[in-house]
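Here are my notes on the ligand site, set out as numbered points. Please read them beside the structure.

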Amino acid sequence: MKILFLNGPNLNLLGTREPDKYGNETLFDIENFIKKEAQNIEVETVFFQSNIEGELVNKIQEAKGNFDGIVINPAAYTHTSVAIRDAILAVQIPTVEIHLSNIHTREEFRKISLTAPACIGQITGFGKNSYKLGLIAVVDFISK
Ligand code: DQA
């Protein structure tokens, strides 16, 4: 089983970016944490980060036939991107939306996710464990 982890804008700055909200670990640290978790359940994972909306759309389109599931932290595009939502709907690959912080306890504009309705579910507020829970959720969904 192959799972694609997609990361949106500014997540390349994890580790130094607002650590009170997003923690001290880098995206590379999180990737290594997930790789170990995935190995234990014999799942292959690929990580990708981009600050560019269209690159994330391209990756979702290219995932068709190449990945069994997607875990996506669309970051700020969560709240704005019809294009990412439509791409997820178009490819029909089971997708879980994740967030490090709890978007429902923050500013009003963050409580709205345009992308979550295209996903099988949303996990928000568990720091790097949101990535782990996203992996477990998508693998469980695919395995049923
Ligand atoms: C985030 C939450 C978003 O609102 C924000 O724009 C991010 C990170 C999170 O993981 O908590 O960049 O997706």
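1. How do the residues of the shell around the ligand divide into nonpolar, polar and charged? They divide into five nonpolar, four polar and two charged, where Ala, Val, Leu, Ile, Met, Phe, Trp, Tyr, Cys and Pro count as nonpolar, Asp, Glu, Lys and Arg as charged, and the others, Gly among them, as polar.

2. The model is predicted, so that local features need pLDDT of at least 70 and side-chain atom pairs count only at pLDDT 80 or more, while totals for chains, interfaces and linings use all residues. Residues are numbered from 1 along each chain as its sequence is written, and side-chain values use heavy atoms, with hydrogens and water left out.

3. The residues around the ligand, meaning those with a heavy atom within 4 Å of it, include R17, Y22, N73, H79, S101 and R110.

4. Polar contacts here are pairs of N or O atoms within 3.5 Å. A polar side-chain atom of N73 lies 2.8 Å from a ligand oxygen atom, and a side-chain N or O atom of H79 is 2.7 Å from an oxygen atom of the ligand. For A76, a polar backbone atom is 3.2 Å from an oxygen atom of the ligand. Of the 320 Å² of accessible area that the ligand has on its own, the protein covers 99% (Shrake-Rupley method, 1.4 Å probe).

5. Among the residues that line the largest pocket, Y22, A75, A76, H99 and R110 lie nearest its centre. The lining as a whole divides into seven nonpolar, six polar and three charged residues.

Key:
Polar contact = N/O pair within 3.5 Å; in protein donor to acceptor, adjacent residues only side chain to side chain. 1 Å grid on protein atoms, 1.4 Å probe; cavity = no way out; pocket = protein on both sides within 12 Å on 5 of 7 lines; lining within 4 Å.
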